[in-house]
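Reader: I have a chain to look at and some questions. Can we go through it step by step?

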Amino acid sequence: MIAITGLIGSGKSLVADIVRGEGFEVLDADALAHELYKEDAELRRKIAENFGKEALNESGINRKYIADLVFCDEQKLKLLESIVHPVLQSEIEKRNPPFIEAAVLHKWPEFSKKMQEIWIVEADEDARRQRLLRKGLTEGDVERRMQTQKPLRVESGERRLENNGTEAECRDEVLQVLGRHIPKGIKRNVLLKKYCTFKIGGFAKFFAEPESVEEILELLDWCRKFKIAYFILGGGSNVLFSDKGFDGLVIKIGKNFIAGKSLHSVIQEAAAHGLGGIEKLQGIPGTIGGAIYMNAGAHSQQISDCIKNVTSIAQNGELITRTKEQCEFSYRSSIFKKSGQSLNPVNRGSDNDEIILFAEFDFIPVSEEIINKNRKEVLAWRKEKQPLQYPNAGSIFKNPASHLSAGALIDACGLKGSAVGDAQVSELHANFIVNRGEATAKDVKALMKKIIDEVQKNHDVALEPEIICVPF
Ligand SMILES: Cc1cc2nc3c(=O)[nH]c(=O)nc-3n(C[C@H](O)[C@H](O)[C@H](O)COP(=O)(O)OP(=O)(O)OC[C@H]3O[C@@H](n4cnc5c(N)ncnc54)[C@H](O)[C@@H]3O)c2cc1C
């Protein structure tokens, strides 16, 4: 936990807002105290007992009444704190936020000891006074409040931020300090539509393309420490990002890992050695990691056919190698998908999701001639049957267990060509939605809903999405 603290009027809320704006959760201790006044009946009872019934109202506490009382009388302030602080402390420990904006730190030495770092926002008296007056406090109020707060006593881990200048100057200083807590390879505000074949999606707050296990470990540690959500991205050929983007870190697996290499390059390399077995997956535009996660397949071949083992990294940094059987491959699924992301594709540091890094293959010896013939045939088939001239994410729905494919069911509902905005059911292949230009995730989802409803109504079949919809 990092505390942002400072005397009244020093501008700690401004610093907290800047940190928040950069994508980090900051708990406001003051706001939390007010939440507790509202919810904690025992706390309310004690306050009423010590400060009278007028101290309470329907929003929890009568702030003006309490402020008038305690800022005139240090004893009353101490009494209020002795009632509130223990409850506040235990709640903060429970929530364990990455940052906390806490005015009370100087009165609470045990709390400061728990902080990994303490940012003390400092401003001279005049600057503080002017800020408080600008907030609408009377001169008397300002003086009283400034009197009740004495300089901070912090034992260790402190970092002083001077805030006598403009907001822009304060922002520059905060970003510099914050930057030391952000791993080097992380980029900010990266447009996700550039990283997926659908060409849809807003900005990722953070984005990284790690090329080594060490870098991945650093990113996982960072996400855990700062409670940053993360999403693992391969080639982006089976994802629909939100129009709002992604409020966390997108980790695109680099090509140094086998998982980050394109399926195409691995098929080609194997073919060059007279090895095949998954050459009919040629034309699937993803990475090995994405293909393993989804157990990608086509023309009766699937990646699992040639998998010997897969190595992934767990959140705690443990490398796990699983045999093919242990990967629990099934139709468009694997243990990696089942472990959580299919239900909640965004990891918020609480699930057991793993990142696929390496794989060993058991290819079959096949002559290069046959491999190349197979590859050519499937590529020609794709060109004829799939709307490759438009951005898309492949099959939108899984084929149901019924005798008809998802595409045939959608086609039978007369939905080919049906559109919402620039998202359209392909005229060529009914299980593809194409982006005719400016389609949004909202358009695609509305069209998906329409398809699901129609297929349910006309065929009594519940279609299940194959694409991964990544929430903001
Ligand atoms: C034109 C077109 C044709 C297609 N044809 C087929 C087809 O014939 N058969 C088929 O099965 N699919 C097909 N697809 C869908 C898609 O290409 C595959 O599902 C592919 O395997 C996804 O790989 P990716 O690297 O793009 O994964 P992404 O789209 O980046 O990610 C998909 C999912 O995998 C997860 N993931 C990716 N990499 C990792 C990793 N290293 N560790 C853990 N999780 C990871 C992501 O978090 C996400 O949940 C097609 C897509 C297009 C656009």
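**The ligand shell and the rest of the chain**

Author: Domain 2 (187-365) and domain 3 (392-470) each give at least three residues to the shell around the ligand; domain bounds come from an automatic or database domain assignment. This is a predicted model: local features need pLDDT of at least 70, side-chain atom pairs count only at pLDDT 80 or more, and totals for chains, interfaces and linings use all residues. Residues are numbered from 1 along each chain as its sequence is written.

Reader: Which element gives the largest share of the shell around the ligand?

Author: The shell has 35 residues; a residue is near the ligand if its C-beta atom, placed from the backbone, lies within 6 Å of it. Elements giving two or more residues include strand S8 (230-233) and helix H12 (288-294). Helices (H or I, at least four residues) and strands (E, at least two) are DSSP runs, numbered from the N terminus. The largest share, five residues, comes from H12.

Reader: How many residues of the shell around the ligand are charged?

Author: Asp, Glu, Lys and Arg count as charged; Ala, Val, Leu, Ile, Met, Phe, Trp, Tyr, Cys and Pro as nonpolar; the others, Gly among them, as polar. The shell has 20 nonpolar and 15 polar residues. The number of charged residues is none.

Reader: Why do the buried residues of H2 line one face of the helix?

Author: The buried residues of helix H2 (residues 29-39) are Ala-29, Ala-33 and Tyr-37. A residue is buried if 20 or more other C-beta atoms lie within 10 Å of its own, exposed if 12 or fewer, and partly exposed in between; C-beta atoms are placed from the backbone. An α-helix has 3.6 residues a turn, so residues three or four places apart point the same way. Seen down the axis of H2, the buried residues line one face because they fall within an arc, taken from the directions from the helix axis to the C-beta atoms, of 90°.

Reader: Which exposed residues sit on the face of H2 turned away from its buried side?

Author: The buried residues of H2 have cover that includes helix H3 (41-51) and helix H5 (74-95). The face turned away carries the exposed residues Ala-31 and Glu-39.

Reader: Is Ser-300 buried or exposed?

Author: Ser-300 is found in the loop between S12 and strand S13 (301-302). Ser-300 has a positive phi of about 65° although it is not a glycine. With 7 other C-beta atoms within 10 Å, Ser-300 is exposed.

Conventions. Two residues are in contact if their C-beta atoms, placed from the backbone, lie within 7 Å.
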